[in-house]
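Reader: Could you take a close look at one salt-bridge network for me, piece by piece? I'd like to know who pairs with whom and how the partners sit relative to the surface.

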Amino acid sequence: MSWVTLDQAPVLDVRPLLVEERAELLRLLQGLSSEEWERATAAPGWSVKDVALHLLDDDLGWLSRGRDGDPSGRLAMEDHAGFADALAAKNQRWIDGARGLSLRVVAELLEWTGRQMDAYYDSMDLHGEGRVSWAGDGPVPLWFDIAQDLTERWVHQMQMREAVGRVEDYAQRYLPTVLRTFVWALPHQFHAECPVGTTVQIDLTSGGVWALTCEGNALWALSEGVAAEPAATVTFDDAAGWRWLTGAPVPASGVRLAGRPALLEPLQGIRGIVA
């Protein structure tokens with residue numbers, strides 16, 4: 001089955017996973033040493049502490065803008081490049097201003113915002129309206145906006161866990177859902193002029209096998225399943241797939257490419273984050 005837009009896709013309710021992810025984050029923070037708290041992560045220029053502060057800001061933003069209807073922290077999304085720059089600057093201002101907070105204070109604040117967020121998530125109409133700039137130029141279903149919040153939180157917790165050597169089985173338990181959310185960057189960002197019916201297959205391992213099918217006028221529809229006669233194929237192992245979609249370095253051994261270079265090249269710049 002093909003879905004041209006997210007409105008046609010089945011609902012993916014990730015709220016139970018968000019509760020679990022939060023609990024794991026708090027357990028991670030409670031076990032950190034002072035040295036680990038300040039250790040550098042793969043997020044450019046950010047330490048473990050900085051990433052935790054960013055997650056706290058994410059919660060506070062959802063509660064202030066969404067739950068409480070305060071528009072003062074809202075950024076214009078019409079110009080993608082301008083939005084990305086403004087968001088990066090806003091994120092950094094928060095971290096610069098909050099760096100004086102201790103590990104205990106940040107963990108306790110995240111515990112509090114977590115309870116608030118759980119209640120807020122539970123109050124949401126999953127069929128309501130959200131915005132995710134990397135998956136569409138206009139509104140998206142609110143269930144997808146919530147799912148992208150899980151992807152962001154998961155990636156940032158992975159950065160923290162990799163920095164302190166405590167990945168354990170955290171990655172695999174969330175990765176299928178994370179990848180099934182990231183995959184919606186493909187039909188929005190993939191642009192290639194091809195005959196109608198041309199297909200490109202993307203295998204994300206635990207995230208499933210997907211196909212992009214040209215509908216004409218550079219519009220591509222997303223479907224789940226193996227393509228019959230793909231003009232190009234790309235296969236990512238689990239470690240490579242999420243790194244590709246977040247712009248992190250991808251191990252060469254984790255990717256296999258085959259088919260037309262003109263169809264493979266546009267895939268390289270697709271991102272499931274604001275970049």
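Author: Let's start with the vocabulary: buried means under 20% relative accessible area, exposed means over 50%, and partly exposed is in between (1.4 Å probe, protein chains only). This is a predicted model, where local features need pLDDT of at least 70, side-chain atom pairs count only at pLDDT 80 or more, and totals for chains, interfaces and linings use all residues. Residues are numbered from 1 along each chain as its sequence is written, and side-chain values use heavy atoms, with hydrogens and water left out.

The structure has 17 salt bridges, each being a side-chain nitrogen of Lys or Arg within 4 Å of a carboxyl oxygen of Asp or Glu. The network you're after links E24, R161, E168, D169 and R173.

Take E24, which is buried at 9% relative accessibility. E24 pairs with R173 at 2.6 Å, N to O. Since E24 lies in helix α1 and R173 in helix α7 (residues 170-182), this salt bridge ties together parts 149 residues apart in sequence. Helices here are DSSP runs (H or I, at least four residues), numbered from the N terminus. R173 itself is partly exposed, with a relative accessible area of 37%.

E24 also meets R161, at 3.9 Å, N to O. That pair links distant parts too: helix α1 (residues 15-30) holds E24, helix α6 (residues 142-164) holds R161, and the two residues are 137 apart. R161 is buried, at 5% relative accessibility.

R161 has another partner in E168, with the closest N and O atoms 3.8 Å apart. E168, at 65% relative accessibility, is exposed.
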